[in-house]
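Work through the exercises below with the sequence and the 3D view at hand. Try each task before reading its solution.

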Amino acid sequence: MNAIITAAELMNASAGGRPPVLLDVRYQLGGPPGRPEYEAGHIPGAVYVDLDSELAGPAGKEGRHPLPDLAVFGAAMRGAGVRSGGDVVVYDGGQGWAAARAWWMLRWAGHPSVRVLDGGLAAWRAQGGPVTDEPAPVREGDFVPAPGALPLLDADGAAALARRGLLLDARAGERYRGEVEPIDAVAGHIPGAVSAPTTENVAADGRLRPAAELAARFGALGAVDGTEVGVYCGSGVSAAHELLALAVAGIPAALYVGSWSEWSSDPSRPVATGALPG
């Protein structure tokens with residue numbers, strides 16, 4: 001199944017006999033909560049999901065957005081109407097990072113049919129799609145997480161992959177190089193990682209670039225046949241969007257959820273700076 005869906009395709013699917021469950025995952029790093037925006041206007045039928053409390057656990061030694069407690073995550077998904085045998089479409093305000101985190105969480109937890117609305121709510125509006133402030137009626141779902149359907153990295157696994165395969169750093173280039181670090185205590189990157197800002201995977205309209213362009217981009221970075229690929233970012237959110245782009249390009253990859261927020265919190269772990277992997 002394709003990992004993304006266009007606004008036109010979603011309109012058609014929503015008008016059918018078995019419409020997908022819609023999850024609104026609007027979120028801004030360091031910004032206000034997304035629920036007020038959801039309540040002001042959302043795609044009809046969509047249910048709000050909170051990234052900080054339902055798609056991640058409390059910040060701590062495992063990073064700012066570690067994996068959530070599976071019981072909490074499963075209850076949130078069932079409460080939003082997610083069923084094991086039904087389609088799910090997730091969207092956010094347009095950046096795609098939060099929606100991609102929801103997509104990755106559900107896919108990692110064993111749900112077989114999850115797609116991200118390409119371009120998010122902005123693409124839906126541009127297509128003439130309606131929005132509403134009416135709460136969505138929800139039929140309780142039956143989804144029970146069965147983790148492990150997608151590969152996952154811890155800190156040691158990320159370090160090893162940087163040596164034997166390709167570890168992509170999805171943060172902005174200046175953070176990778178160690179020129180700035182607006183959030184974490186240490187600037188730089190995991191030694192051996194290759195800079196691959198996730199912002200370069202999208203076009204000016206906020207939609208992902210075509211699969212062929214993405215495949216060419218990742219191929220030039222070293223994602224060639226037979227190479228194991230992993231991705232990290234600051235806290236495991238924008239890296240999920242890079243994984244989405246890799247999936248569209250047909251390249252399987254693992255997520256280091258703890259990412260730089262976990263890696264840099266341990267002073268014993270090495271840090272590289274500059275434009276080269278190190």
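Buried means under 20% relative accessible area, exposed over 50%, and partly exposed in between, with a 1.4 Å probe and protein chains only. Helices (H or I, at least four residues) and strands (E, at least two) are DSSP runs, numbered from the N terminus. This is a predicted model: local features need pLDDT of at least 70, side-chain atom pairs count only at pLDDT 80 or more, and totals for chains, interfaces and linings use all residues. Residues are numbered from 1 along each chain as its sequence is written, and side-chain values use heavy atoms, leaving out hydrogens and water.

**Exercise 1. Find which residues cover the two faces of strand β4, then find the partners of β4.**

Step 1. Take β4, residues 88–91. Val88 and Val90 lie on one side, Val89 and Tyr91 on the other. All four are buried. In a regular strand, side chains alternate between the two faces of the sheet.

Step 2. Look for pairing, which requires at least two DSSP bridges between two strands. Strand β2 (residues 21–24) runs parallel to β4, joined by four bridges. Leu23 stands opposite Val90.

Step 3. Turn to strand β5 (residues 114–117), which pairs with β4 in the parallel sense over three bridges. Here Val90 stands opposite Val116.

**Exercise 2. Give the strand order of the open five-stranded sheet.**

Step 1. Read the order: β6-β10-β9-β7-β8, with parallel pairing.

Step 2. Mark the edges, β6 (152–153) and β8 (194–195). Each pairs on one side only.

Step 3. Check one pair inside. Two bridges join β9 (residues 229–232) to β10 (residues 254–256). Val231 stands opposite Leu255.

**Exercise 3. Which residues of helix α9 are buried, and what do they pack against?**

Step 1. In α9 (residues 211–221), the buried ones are Leu214, Arg217 and Phe218.

Step 2. Seen down the axis, they fall within an arc of 90° (taken from the directions from the axis to the C-beta atoms), so they line one face of α9.

Step 3. They pack against β7 (166–169) and α10. On the other side, Ala212 and Ala220 are exposed.

Step 4. Go one residue past the helix. Gly222 follows α9, with a positive phi near 120°.

Methods:
Contact = heavy atoms within 4.5 Å.
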